[in-house]
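Colleague: I'd like to learn how to read a model like this one. Could you walk me through it, feature by feature?

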Amino acid sequence: MRVRADGLGRTLAGPPRRRVLGDLSLDLPGPGVHAVLGANGSGKTTLLRLLALLDAPDAGELRFDGERVAGPEGVSRRARRRATLVFDRPALLRGTVRWNVEFALRARGVPATERPARLAPWIEPLGLGPILDARVDRISAGEARRAALARGLALGSELLLLDEPTANLDPLSAGLVERVIADLGARRETTVVLATHDLAQARRLAGQVHFLAEGRIVQGGDAAAVLDAPRSPALAEFLGVENLFRGVVEDRGDHQRFTAPGIDWAVIAERRGPCWAALPARDVLVARERPVSSAMNAVEGTIERVEERGPTVLVVLTPAATGDAPAPRLAAAVTRATVQAMGLAPGQRAWLVWKAASVRLLDG
Amino acid sequence: MGPFGRALELIGTLDPRVLEVVGLSLGVSLAAAALAALFGLPTALALGLGRFPGRRALRAVVRALMMVPAVLIGLLAYLVLGRGGPLGALGLLYTPAAIVLAQAVLAYPLVTALFVAAFEQVDPLLLDATRTAGAGPWWVARAAVRQAAPALFAAGLTGFARVLGETGMTMMVGGNIAGETRTMTTAIAAETMRGAFELALALGILLLLLSLAVNVALLFLEPRSDARAR
């Protein structure tokens with residue numbers, strides 16, 4: 001199913017009234033896993049509720065396969081059957097797991113004879129066998145989340161909306177859930193929208209990623225393209241680009257410079273004027289002496305700290321002051337072996353080096 | 001043997017006069033509570049789950065109705081059911097049916113208000129989970145009733161306890177006719193005025209035990225804090 005949102009807005013009643021979504025546009029071309037990526041409080045749940053036709057937007061419109069299904073006038077109850085939202089809490093009714101799935105299927109109008117077959121395919125993949133006839137207040141939180149997911153899957157809707165499906169799950173439960181989502185994506189029958197703040201999960205599962213910030217989709221499209229080439233400072237920050245500065249691009253005849261207080265970098269830019277510059281730490285080299293290389297940017301300074309960051313080590317350097325303004329700190333990511341071989345430690349002098357092409361210039 | 005001892009004897013020997021009054025009382029009050037619940041449930045579903053203008057005002061009206069004195073309801077019921085009243089032709093005045101009706105009217109606002117409170121305790125996400133299954137209002141209401149069932153039962157029980165103890169109104173519309181419309185409370189009042197304390201005491205003890213039983217039941221229906229913390 002193709003899902004198109006145009007200019008969606010949603011203000012939550014107060015107090016205080018809060019504009020959660022404003023002018024949000026989104027185009028999900030069809031089956032596959034589409035991640036909506038965003039920080040906590042960015043409006044992911046609000047967006048999923050709109051897509052599930054549980055709430056009406058106060059601006060804009062929503063279309064399923066070209067048909068208008070929601071707008072400020074309300075939502076189409078009939079179209080609601082095409083979408084199912086699995087919440088970030090289990091939301092199971094008093095009763096057993098099996099009863100809950102049955103109830104949802106009965107409510108959907110699925111005949112009694114068909115109901116067992118709707119649930120059956122999800123029992124084993126989600127590890128529900130042992131708890132199927134257990135009361136929902138007697139199972140663990142992780143089991144309840146998986147049961148709620150099974151209920152959503154059994155409904156077999158064309159549009160499946162998953163709100164943080166693995167948040168607060170142990171690795172085993174999360175693994176089961178992720179495998180089910182990956183299978184759904186591979187089968188390409190269901191349009192899955194996966195709301196998550198987990199970058200790695202979006203990379204693992206989603207073909208498309210849509211980054212939600214400040215109430216709108218800031219950047220969306222092919223997962224690799226979005227996650228490896230952020231076009232907005234909000235996404236760059238979310239992705240953990242360590243060196244992110246606001247400044248101005250100027251022309252210097254044969255090349256361009258990005259300048260900000262304490263910063264004067266060679267960049268490759270087609271634009272001029274104010275913008276953000278994002279420099280991933282992994283693109284920055286560390287040298288003991290002023291290197292002779294093709295890299296256009298080299299800054300000398302004092303290593304302020306050396307900190308472990310997962311598989312790599314972040315070397316944070318305070319550049320020596322050049323102009324009148326103090327230069328902001330810069331970070332380089334290197335391997336642990338490099339730190340040992342070079343004997344990098346706080347207080348030492350070092351050079352940071354990077355190519356003009358490594359600096360991404362972003363609007364915003 | 002004093003009146004208290006004789007009262008215990010009446011209870012111990014399962015005196016037919018005691019049994020008859022207790023039986024009628026329980027029957028009438030259960031019927032009244034059930035009737036109040038029957039009408040209160042749809043009202044409470046609308047007021048507790050519905051989204052329509054004037055909902056808050058209507059809820060205030062229901063709460064205000066709880067404050068109407070029972071004796072006033074008795075008077076109105078008397079006028080409506082009595083000879084010459086709109087429903088006088090039914091000949092219900094001074095019958096158990098009249099008591100049931102009057103008690104149901106008395107219990108209705110209380111039961112409804114408690115029902116509304118019970119529905120408000122239901123996590124809205126549970127209802128959204130039913131909506132997202134593509135279900136209409138009927139199924140959302142079913143989900144709400146199921147989830148609120150213990151609280152709804154407790155509300156009905158509270159209504160039952162309220163009308164079981166009602167005296168003046170019951171006497172006005174029932175007439176306290178021995179063997180026909182004598183309930184525990186009206187019998188206690190009448191026997192006390194006659195100076196026949198042993199029967200009054202026996203019924204009083206039973207009424208107290210019944211109230212106690214209802215309260216113990218309510219205690220068990222309360223959501224336990226350890227279940228809530230999950």
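Modeller: Sure, we'll go through domains, a sheet, a helix pair and the contact between chains. Keep in mind that this is a predicted model.

Colleague: Let's start with the overall layout. Which domains does the assignment give for chain A?

Modeller: The domain assignment splits chain A into domain 1 (3-229) and domain 2 (241-362). Take the C-alpha centres of domain 1 and domain 2 of chain A, and you find them 41 Å apart.

Colleague: Now the sheet. What is the order of the strands in the open sheet of chain A?

Modeller: The general idea comes first. Backbone hydrogen bonds are what pair the strands of a sheet, and the pairing can be parallel or antiparallel. In chain A, an open sheet of 5 strands runs in the order β16-β20-β17-β18-β19, and the pairing is antiparallel.

Colleague: And which strands stand at the edges?

Modeller: β16 (285-287) and β19 (330-335) of chain A do; each has a single partner strand, so one side of each has no neighbour in the sheet. Going from one strand to the next, the twist averages 45°.

Colleague: How many bridges join β18(A) to β19(A)?

Modeller: There are 6 between β18 (residues 312-319) of chain A and β19(A), and these two strands run antiparallel. If you want one pair to click on, Val315(A) has Ala332(A) in β19(A) as its bridge partner.

Colleague: On to helices. At what angle do the axes of α4(B) and α5(B) cross?

Modeller: For a helix pair, look at the axes, then the crossing, then the residues that meet. The axes of α4 (residues 70-81) and α5 (residues 96-120) of chain B come within 10 Å and cross at roughly 135°. α4(B) and α5(B) are therefore oblique to each other, and the crossing is right-handed.

Colleague: Which residues of α4(B) and α5(B) meet?

Modeller: From α4(B) you have Ala70(B), Ile73(B), Gly74(B), Ala77(B) and Leu81(B); facing them in α5(B) are Ala98(B), Leu101(B), Ala102(B), Val105(B) and Leu106(B). Sorted by class, that contact has 9 nonpolar residues, 1 polar and no charged ones.

Colleague: Last one, the two chains. How many residues does the contact take from each?

Modeller: Interface size is often quoted as the accessible area lost when the parts come together. Here we'll count residues instead: 16 from chain A and 16 from chain B. On the chain A side, β7 (83-86) and α3 (97-108) each supply at least two residues, and α3(A) gives the most, with 3 residues.

Colleague: What classes make up that side of chain A?

Modeller: The side of chain A that touches chain B has 9 nonpolar, 1 polar and 6 charged residues.

Methods. Residues numbered from 1 in each chain as written. Chains lettered and ligands numbered in written order. Predicted model: local features only at pLDDT ≥ 70, side-chain atom pairs only at ≥ 80, totals over all residues. Contact = placed C-beta atoms within 7 Å. Helix = DSSP H or I, 4+ residues; strand = E, 2+ residues; numbered from the N terminus. Nonpolar A, V, L, I, M, F, W, Y, C, P; charged D, E, K, R; others polar. Axes fitted to C-alpha atoms, helices over the stretch in contact; angles between N-to-C directions. Parallel < 35°, antiparallel > 145°, perpendicular 65-115°, else oblique. Left-handed = near helix turned anticlockwise from the far one by under 90°. Pairing = 2+ DSSP bridges. Domains from an automatic or database assignment.
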